[in-house]
Every structure is written in C-alpha cells, then in structure tokens.
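Biologist: I'm new to reading protein models, and I'd like to learn by asking you questions. Shall we look at this one together?

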Amino acid sequence: MTIDWKQQSQDYRTDYLNDLKELIGIESVRDDEHATDEYPLGEGPTKAMLKFLSFGERDGFVTKNIDNIVGYIEYGSGDQTMAMQAHADVMPAGDGWQTNPFEMTEKDGNVYGRGTSDDKGPALAAYYGLKMLKDNGITPKMKIRLIVGTDEESHWTGMKHYFEVEPEPTFGFSPDAEFPLINGEKGNSTYVTTFGNANGEEITLKDFISGLRPNMVPGNATALVETGDNEGMVDAFTKFLDTNPLSGDVKATDEGIAIHLIGKAAHAMEPKNGINAGTYLAKFLQQFAFEGDAKHFIDFLASDLHDDSRATKIGANHVDDVMGDVTMNVGIMRFNAHDGGSINTNFRYPKGTSDKEILTQLEAAAGKHHGQVSETDNMVPHYVDPDDPIVKTLMNVYEEQSGDHDAKPEVVGGGTYARLMKRGVAFGALFPGTQDTMHQANEFQPINDLLKAMAIYGQSIYELTAK
C-alpha cells in the first residue's frame, strides 16, 4: 500500500492541535502531597493519561487503564508486541514564562506550553501515527501498544508497574527525545547529601532554597541571611551580579537579608545548557564568615560542585569512547536553620564506571565538609546495537523523510522509557537545529516539526509491524 505520510499528517493538523490543546490544559505535575487512592500520583498525571486513553476510545482502539498510573492504547494482535512508550506527566512550570504554561498558545508557527516538547506533543504525534494505520485499513502483523506513563519526570512508578503486570514488549521506541535516533542512554544515578543545622551567631543562614527536581538545572535560588552588616552584604551582592551571568535582587526584611538569584533552567542531561542559580548563590555566600553546618553546606556547593558538570573536582569524571563522559547536575538544594541541609545530585554516567564508584567519590568529597551521602536511585547504562533491525528500520525512515543521509544513531545522557526494553530506542521528536526547551520556561515546539514527526512515526510503525 502506498500512503503519502506527509499529506496524511497535514490532513490531521486541526484534530491534532485540538487534542494537544486539551492535553496541555491539564497540569499533570506529579503531586504526592495531594495523592489519593484514586489518584496515586496526584490528580493531574492520571487525568492526562486518561485523556490520552479517551482519544483512543473515541477513535475505536482497545484501551486499558492500569490502576490509574499507566495505560495503553492497542491496535492489532499477535504473539509479538511493538511498544511506543510515552508519558503524560510534565515538569513543574517554574518561573519566567511569557504565556500561561498550562494553556496552549499558537504563535509564529509554534505551540507553547508545558509538555509541547516533553512529552505530550511527541506522544500525541505517535498516537496519530498509529491512527494512520487504522484509518487506512492496515492490519498489523502484531500487537501495537502506545503505553502512557504518569511520572517519567520522577520515579517511573507507572511504567515500572506496567512491566510488573504486563509482558515485556518485543521491541519498540520512545517518542521522548530527539531525532535521528538514540540507541544508547547513560546510566542515571541520584544521591542526597545531608548536613546538620549548626549555625554561627554573627551571621546565620536561616534559609536556602533552590531547585525543583533532580533532573532539572535550577533557574532560581533564594536565601535568608541574618547578619550584623546588612549594607555590606547588599553591596557585595550588587558587585556579584556585575561579574556573573545572572540577575537577581536583594532586600532587607525584618527577618534578615532576602536574596534572590535568577539563572537559567535546563534539562539535567546537559547541565552546561543551564546556569545553576543554587550553586552560584552558594558561591556568593562563601565569602562571608558562616560557621558550623551552614558553612559546610555552602562550602561543599561552592568549592566542590559549582560550575563542574563533569564532576572533576570530586574525582568522579570518566569518559567512554562510545557513550561519552560523566555529567553531574546539582538539582535540589535546601538548608534550614531548624532542619539542616540537603543537596541532591544527579549523575549520567557511561560504561566503564558505576553508581557505586561515583558514590565513593562523592562520599569522600562530602565527608570533608561533614556531609553524609546516600544513593536514592540508579539505572544502569542501556545500549542497542546499531545493526539491530529496529535501529536500521527507523534510521531508514528518518533518512527517507528528512533527506538527511548523514544521520547517525546517538548516545545521550537523557533517560527515556526505552531503556526498560532490551530492544528499546528513543526516536524523536526534536529535530536537529530546533531549539531544545525541555524543562525550561517557554517550552515550545514548531507545529510543522510535530506534523513531520507524525509522518515519520506513521511510516515507522507501518515498516516495523505491517510491511
């Protein structure tokens, strides 16, 4: 059968954008504080997943909701299963938006809103790619499932549960990254370093807050400091802003000096793309005579972790010829005069090192500042051979539709659901040359890119399952 995949995607444009608008309008940030038996991860993620399933029901697909934390849309039958693993949850919006992050806005050929790029826009494009087969009367030779998780941006609770109660798919891809194709993902480990609450008398760190998630470079940081020299601290902050790539403000309050720094949020897979407001704030505060645990907390951030995305200062740096180098993101920083301090670090690591080796180096560095380290999460590196048929098929489709015959599979620091499958790869939907705004303010995706991805997904599903 001959199908004009690109024309078909254009024919779906209005319906696709209407559906995407509904999805973006759901604030599907994981919310443990308001979790219930009905909404185990908070109301938003479940409602966004159910919205996906409602599209499938509307269009005549088989759907299944598994315990309100993961669900799938299914087409076809057979002993083998091809999976597309996507997610309906999103990162917190953060500051700096020029539009409502949870109301899709069309402007200059782009759609803006949290999830347009990561991952509602691409996931919906994959759904419409599947819809192309059904609408054209194509019966696949196996089962195809679009599996929709609800907390990819945190602990993968939903998708891990899917693999506990359903058979592992034979092969598949995750539309949650970039083109041309990602066949390798670094290991991903997270650690928390804790400190006591001891402080000084002449200058006191009453509060320090920066970061929203481990996998996000913090764009904002605040501190509340009690000092006998308010004027000196204000003057020093003004000079600091003059010589560093951030903005911010400082003011004297009844409780002390309130400091606010504004950097640039970014995805933790490449911390260099952001400006970490938290570690910069620690760098500013390090010049003052803090004492006790407040000093240890500040010094560890400023001396060992600041501006060192390759973890060379703590000795955890490593480079693999295929998978690249270790990266480190300092994602969440907290200190309170009553509760003490904690620092959350997220590492993406290649073959040749391990989470335990990184832990050893981090413990040694933190120990010099009286910090205690524990590992909270780890996923080992994932790699699919470039000669695997799924890699070859998807690359061929991408080359045919994009005209890019020099494209090669890539290894990245990001982590996608694809790594849960032995033969899983990440495939789109961010095109080379398009600005990456995942996890950032003013997240957007060009409409034409999403439609182009839809055409690529449609042909790819056909080539993998029906040809």
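Modeller: Happy to! Where would you like to begin?

Biologist: Let's start with helix H2: which of its residues are buried?

Modeller: This is a predicted model, where local features need pLDDT of at least 70 and side-chain atom pairs count only at pLDDT 80 or more, while totals for chains, interfaces and linings use all residues. Residues are numbered from 1 along each chain as its sequence is written, and side-chain values use heavy atoms, leaving out hydrogens and water. Helices (H or I, at least four residues) and strands (E, at least two) are DSSP runs numbered from the N terminus, and buried means under 20% relative accessible area, exposed over 50%, and partly exposed in between, using a 1.4 Å probe and protein chains only. With that in hand, the buried residues of H2 are Tyr16, Leu17, Asp19, Leu20, Leu23 and Ile24.

Biologist: Within what arc do the buried residues of H2 fall, seen down its axis?

Modeller: H2 spans residues 13-24 and reaches 16 Å between its end C-alpha atoms, close to the 16 Å expected (1.5 Å times one less than the number of residues). The arc is taken from the directions between the helix axis and the C-beta atoms. The buried residues line one face of H2, because they fall within an arc of 165°.

Biologist: What covers the buried residues of H2?

Modeller: Here we look for contacts, meaning heavy atoms within 4.5 Å. The cover of H2 includes strands S4 (105-107) and S5 (110-112), together with helices H3 (43-58), H4 (120-135) and H11 (447-465).

Biologist: Which helix gives the most residues to the largest nonpolar core?

Modeller: A nonpolar core is a set of buried Ala, Val, Leu, Ile, Met, Phe, Trp, Tyr and Cys residues joined through side-chain atoms within 4.5 Å. The largest one here has 65 residues, and those touching the most other members are Tyr16, Met82, Met84, Leu124, Phe179, Phe427 and Tyr457. With eleven residues, the top contributor is H11.

Biologist: How many residues are in the other core, the one with Phe284 and Phe300?

Modeller: It lies apart from the largest core, and Ala302 and Val330 are also among its members. Its residue count is 48.

Biologist: Is Ser174 buried or exposed?

Modeller: Ser174 lies in strand S7 (residues 171-174). Setting aside residues up to four places away in sequence, it touches Gln85, Thr416, Tyr417, Ala418, Val425, Ala426, Phe427 and Gly428. Because its relative accessible area is 0%, Ser174 is buried.

Biologist: Which strands stand at the edges of the open sheet of eight strands?

Modeller: Strands count as paired if DSSP finds at least two bridges between them. The order is S14-S15-S13-S11-S19-S20-S10-S21, with antiparallel pairing. A strand with a single partner has one side left without a neighbour in the sheet, so the edge strands are S14 (247-253) and S21 (372-379).

Biologist: What is the bridge partner of Phe208 in S13?

Modeller: Strand S11 (residues 203-210) runs antiparallel to S13 (residues 220-227), and seven bridges join them. One of the pairs links Ile203 to Thr227. For Phe208, the partner is Ala223.

Biologist: Which residue of S15 stands opposite Ala221?

Modeller: S13 also runs antiparallel to S15 (residues 256-262), joined to it by six bridges. Opposite Ala221 stands Leu261.

Biologist: What arc do the buried residues of helix H9 cover?

Modeller: H9 (residues 355-367) has 13 residues, which should span 18 Å, and its end C-alpha atoms agree at 18 Å. Its buried residues are Asp355, Ile358, Leu359, Leu362, Ala365 and Ala366. They sit on the same side of H9, because their arc is only 135°.

Biologist: Which residue does a cis peptide bond join to Phe179?

Modeller: Most peptide bonds are trans. This cis bond has an omega of about 15°, and the partner's place is in the loop between strand S8 (177-178) and strand S9 (182-185). The partner is Pro180.

Biologist: One last thing: is Trp156 buried or exposed?

Modeller: Trp156 lies in the loop between strand S6 (143-149) and helix H5 (157-165), and its phi is positive, near 60°. Because its relative accessible area is 4%, Trp156 is buried.
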